[in-house]
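This briefing goes through side-chain contacts, strand pairing and charged pairs in one protein chain. Please have the sequence and the model open while reading.

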Amino acid sequence: KINAGYALYEKDADRFELKNGLHIITVEDESPTDIRAASGVYEQSLGKIHLEGGAEIIQAANFVKGDSIFAEVFENKKLKKCRVLGNAVVRQTTAERTTEVTGAELNALFNEDQKMQSADVTGTGTAVLTPSNPVEYTKMTFTARRAINVHFKKDGLLDRIDTDGRTTVKLDVPDNSG
């Protein structure tokens, strides 16, 4: 389902050029993908999407936002990978935690089950891990000047965080005094 103020469809290339506020909803299963931006190009058969201006992709527990998004989707129209430029944010929420990675330029990979596999920031960036139950463990915030690389296991659980450049780690310790 595609909505826009202006749309041009090239049948041979299976390509949509969309302007003046685009909104794409893919309903391949019970978890639709919701895509919004000021303008963009959707190459449906190639599974490529280029979004400009307040671009965002919401898919189940995943949220990607930035000034520009270059994305690829699997055949089932689910997010495979994306490159986000300008005010980049990627967020994944699980039962255990919310992981949010931000920076000026960000690349993220997802598996076919829509679990984030990696989120890499080039330049100054931040990674925040917020527990669903703050009594069990602490909120962690990582800030680095050159790069942050967040890696996940296949099931979406955090594997490790690598940073480059001067790094600040902040731990918000839970109050277990009661």
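Val90 touches Phe63, Val64, Thr99, Glu100, Val101, Leu106, Ala108, Phe110, Met116 and Ala119, leaving aside residues up to four places away in sequence. The model is a predicted one. Val90 is also among the residues with the most contacts inside the largest nonpolar core, which has 36 residues. The points below start from that core and then move to the strands, the aromatic rings and the salt bridges.

**Nonpolar core and Leu85**

- Besides Val90, the residues with the most contacts inside the largest nonpolar core are Leu51, Val64, Ile69 and Cys82.
- Val64 appears twice here, as one of the residues with the most contacts inside the core and as one of the residues that Val90 touches.
- Leu85 lies in strand E9, which covers residues 79-93.
- Leu85 has a relative accessibility of 24% and therefore counts as partly exposed, because buried means under 20%.
- Not counting residues up to four places away in sequence, Leu85 touches Gly66, Asp67, Ser68, Phe70, Ala104 and Glu105.
- Leu85 and Leu109 are 24 residues apart along the chain, and 15 Å separates their C-alpha atoms.

**Strand E4 and its partners**

- Strand E4 (residues 22-26) has four of its five residues buried, so the rest of the structure largely encloses it.
- Strand E1 (residues 2-3) runs antiparallel to E4, and two bridges join them.
- Ile2 has Ile24 as its bridge partner in E4.
- Strand E5 (residues 33-37) also pairs with E4 in the antiparallel sense, over five bridges.
- Ile25 has Asp34 as its bridge partner in E5.
- As a general point, side chains in a regular strand alternate between the two faces of the sheet.

**Aromatic rings**

- How many aromatic pairs does the structure hold? There are two.
- One is the tilted pair of Tyr9 and Phe16, at 4.6 Å centre to centre with 40° between the planes.
- Tyr9 is partly exposed, with a relative accessible area of 40%, whereas Phe16 counts as buried at 17% relative accessibility.
- The rings of Phe16 and Tyr42 have centres 6.1 Å apart and planes at 20°, so this pair is stacked; planes under 30 degrees apart meet the cut-off for that label.
- Phe16 in strand E3 (residues 15-19) and Tyr42 in strand E6 (residues 39-43) are 26 residues apart, and their pair links distant parts of the chain.
- Tyr42 is buried, with a relative accessible area of 3%.
- Tyr9, Phe16 and Tyr42 make up one aromatic cluster.

**Salt bridges**

- A search of the whole structure finds ten salt bridges.
- Glu100 and Arg91 meet through their side chains in a salt bridge of 2.8 Å, N to O.
- Glu100 counts as partly exposed at 26% relative accessibility, and Arg91 counts as partly exposed at 27%.
- Glu100 is also one of the residues that Val90 touches.
- Arg146 forms a salt bridge with Asp164, with the closest N and O atoms 3.3 Å apart.
- Arg146 lies in the loop between strand E12 (139-144) and strand E13 (147-152), and Asp164 lies in strand E14 (residues 158-164), so the pair ties together parts that are 18 residues apart in sequence.
- Which of the words exposed or buried applies to Arg146? Arg146 is exposed, with a relative accessible area of 54%, because exposed means over 50%.
- Asp164 is partly exposed, with a relative accessible area of 37%.
- Lys170 forms a salt bridge with Asp172, and the closest N and O atoms are 3.8 Å apart; the cut-off for such a pair is within 4 Å.
- Lys170 is partly exposed, with a relative accessible area of 49%, and Asp172 counts as partly exposed at 29% relative accessibility.
- Asp159, Arg160 and Asp162 are joined into one network by salt bridges that share partners.

How values were computed. Residues are numbered from 1 along each chain as its sequence is written. This is a predicted model: local features need pLDDT of at least 70, side-chain atom pairs count only at pLDDT 80 or more; totals for chains, interfaces and linings use all residues. Side-chain values use heavy atoms; hydrogens and water are left out. Buried means under 20% relative accessible area, exposed over 50%, partly exposed in between (1.4 Å probe, protein chains only). Rings of Phe, Tyr and Trp (its six-membered ring) pair if their centres lie within 6.5 Å; planes under 30 degrees apart count as stacked, over 60 as edge-to-face and the rest as tilted. A nonpolar core is a set of buried Ala, Val, Leu, Ile, Met, Phe, Trp, Tyr and Cys residues joined through side-chain atoms within 4.5 Å. Contact means heavy atoms within 4.5 Å. Two strands pair if DSSP finds at least two bridges between them.
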